[in-house]
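Q: I should like to learn how local features of a protein model are read. Could we work through an example together?

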Amino acid sequence: MNINLLNFIFNWITAVAGIVAAIGAVGSLLISKTIEKQKDEKIRLLQDEIIELAPRSITTEQSQQLLKLLARKKGRVGFLVKVFNDTSKEFAIQLSTIFREAGWQVEEPINQTLLDDYDGRLNIFTDEANPAQIELANLIVNSLNEAGFPIGPQPIRDNSFSGHFSKEAVYILVDSKKTK
């Protein structure tokens, strides 16, 4: 074989190998970017799931805001939580602490007989015949909504809870946190 032919073949092989290496490098870069995007999306979904599954909590800012809003008036408040649901009870305890700090009387103990669901929202009820109670209920609803805790009156099914309820108190129903 001629040395020129071997040199020519070798140059072509080197060029083709260089092109293949370049294609491999570009492909690797594109694949790694795709994998990185997929990994980032999975991490984001896991973080969202962790947040969704975490129990409700009250931030320092929300607590301070509620204290300020609730301190405008004083009244009596009670809490009703989902039966066998410790996270609902813990959230009710956090709320009751804020109400006490704002000067409200808190009915004890927390009633743990709620059977119904309210789409993960807080619910409220009071003696509808008492205008002063309605005014306090509106203050609570507005304060909690403003602080980032969805609450509003929703129909309450008969026999969905039991116990003694004071006619002088506004009651907040704490449902299970809504998840997907």
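The dialogue below takes up a helix, two backbone features and the aromatic pairs of this predicted model.

Q: Which residues of helix H2 are buried?
A: In H2, residues 60-70, the buried positions are Gln62, Ser63, Leu66, Leu69 and Leu70. These residues lie on the same side of H2, because the arc they cover around the axis is only 135 degrees. The face turned away from that buried side carries Thr60, Glu61, Gln64 and Lys68, which are exposed.

Q: What covers the buried residues of H2?
A: The cover includes helix H3 (86-101) and helix H4 (131-146).

Q: What is usual for phi and for the peptide bond?
A: Phi is negative in most residues other than glycine, and most peptide bonds are trans. Here, phenylalanine 84 has a positive phi, near 60 degrees. This residue is found in the loop between strand S1 (76-82) and H3, and it is exposed, with a relative accessible area of 81%. The peptide bond from glutamate 108 to proline 109 is cis, with omega near -10 degrees. Proline 109 is found in the loop between strand S2 (105-106) and strand S3 (111-114).

Q: How is a pair of aromatic rings described?
A: One gives the distance of the centres and the angle of the planes. The structure holds 6 aromatic pairs. Phenylalanine 125 and tyrosine 171 are stacked, since their ring centres are 5.3 Å apart and their planes are at 15 degrees. Phenylalanine 125 lies in strand S4 and tyrosine 171 in strand S5, so the pair ties together parts that are 46 residues apart in sequence. Tyrosine 171 is buried, at 4% relative accessibility. The rings of phenylalanine 165 and tyrosine 171 have centres 5.0 Å apart and planes at 85 degrees, so this pair is edge-to-face.

Notes
Residues numbered from 1 in each chain as written. Predicted model: local features only at pLDDT ≥ 70, side-chain atom pairs only at ≥ 80, totals over all residues. Heavy atoms only, no water. Buried < 20%, exposed > 50% of the residue type's maximum accessible area, 1.4 Å probe, protein only. Helix = DSSP H or I, 4+ residues; strand = E, 2+ residues; numbered from the N terminus. Arc of directions from axis to C-beta. Contact = heavy atoms within 4.5 Å. Phe/Tyr/Trp six-rings, centres within 6.5 Å; stacked < 30°, edge-to-face > 60°.
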